[in-house]
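Colleague: Could you take a close look at one part of this model for me and then walk me outward from there? I'm new to this, so plain words please.

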Amino acid sequence: MPPQPTNASASETARDRTLLPAALPAFCTARVILITLAMGAALSLLLTLVPGVGPERWARFGTTLWLVTWIALVTVALLCATRRWLDRLPLPALLTIIVALLLTVTAVTSAVAFGALQSIGWQPQETAGEFLLHNLAIALLVGLIGIWVFSLHLGNARQINAAAEARLSALHARIRPHFLFNSLNTVAELVHDRPEAAEQAVLDLSRVFRAALASDSTSTLAEEVELARRYLDIEHWRLGERLHVDWQLPEPLPAISLPILTLQPLVENAVRHSVERQAGPGPIRVECRVGSRSIGLVIENDLVAGDDHHGNGMALANIRDRLALMFGEAASLRAGPVDGRFRVKLVLPRTDGEATP
């Protein structure tokens, strides 16, 4: 059936495009440059140690290292300058352009190096054309080996991504019923004593359910804040003036993505384990701190005597796992007592294109 291969191909391309930004390194970083220089030195040493070089082995090593270093640095610089454009390309075109770029840089650098070395007294044992073809053959071989290594890395990334998606779906399946069950309990408590409040709470709850049951696995920070506000509106019908939330948010909120139902469970924990256990007001503080490379979310509430564990930790563990699956080590979640209050702090990498280097 013709449509099936087409759909599979389209799905494969979409998946490649999702993985490529993570697979392609940030070429301008010091780590990538150092790795490139180390690999260039290793390649130069390998070319020097081949049999038949003769007594000029180490002089050849110096010349080869100089040439390979220039080729490597210029190639990395060009890849750094064009990385955003390269990330938009399908995989075959991307690999073709990278190899073509490597060969072009090798050809230009070899031509310049041949003339420069001759001007300082170097006596070549081959013509300029042979020197150029020799270097292009080596560059092509290195490029093909790089493609092979990259394909292995991409295949591994696909497997990891598939496993992560399956685990992420399982985590979402766990936290949604937990959220809905607690919200329904809130409405149930209002039915007998305050039926008009229960009716309004049901209307608010329907809007919250619509967001909580969305099929997407991610949402924006603004959507997460709105969901948390809707949930707190429902709880306010039950707790009244005991519930006070101090929102300290920038305007506008950064346009970042994060796992759906990240903020609401943390606010719910603050209500369940602090506000409703106190006879008086239980202030909750929600703060967003915007940095150049990351965004910090802080949820803080009073500690209540006897609540040593602050719940069973299911929400915190679940959110920590989902952040790790989405952002890896770039995101973190820390929770614990700070200055007599319980504080949860999330650190999320900026993905809104406004981070400064």
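Modeller: Let's start with Val 149, which is partly exposed, since its relative accessible area is 44% and exposed would take over 50%. Keep in mind that this is a predicted model. Val 149 sits in helix H5, which covers residues 128-191. Val 149 also has company: together with Leu 141, Ile 145, Trp 148 and Leu 152, it makes a nonpolar surface patch of about 530 Å².

Now for a contrast, hop over to helix H8, residues 263-273. H8 is mostly covered, with eleven of its eleven residues buried. Among them are some you might know as charged, Glu 268 and Arg 272, along with Leu 266 and Val 267.

Another buried residue to look at is Arg 322, in helix H9 (residues 314-327). Arg 322 has no salt bridge even though it's buried. Why not? The nearest side chain of opposite charge, Glu 224, is 6.7 Å away, and a salt bridge needs the two atoms within 4 Å, so this pair doesn't qualify. What the side chain of Arg 322 does reach is the backbone oxygen of Ile 260, at 2.3 Å.

Just past that helix, you'll find Glu 329 in the loop between H9 and strand S6 (332-338). Glu 329 counts as exposed because its relative accessibility is 83%, and the cut-off is over 50%. Finally, Glu 329 and Leu 348 are 19 residues apart in sequence, with 9.9 Å between their C-alpha atoms.

Terms used:
Residues numbered from 1 in each chain as written. Predicted model: local features only at pLDDT ≥ 70, side-chain atom pairs only at ≥ 80, totals over all residues. Heavy atoms only, no water. Helix = DSSP H or I, 4+ residues; strand = E, 2+ residues; numbered from the N terminus. Buried < 20%, exposed > 50% of the residue type's maximum accessible area, 1.4 Å probe, protein only. Lys, Arg positive; Asp, Glu negative; His and termini not counted. Polar contact = N/O pair within 3.5 Å; in protein donor to acceptor, adjacent residues only side chain to side chain. Patch = residues over 30% accessible without salt bridge, like charges linked within 9 Å, V, L, I, M, F, W, Y side chains within 5 Å. Areas by Shrake-Rupley, 256 points an atom, 1.4 Å probe, with all protein chains shown as cover.
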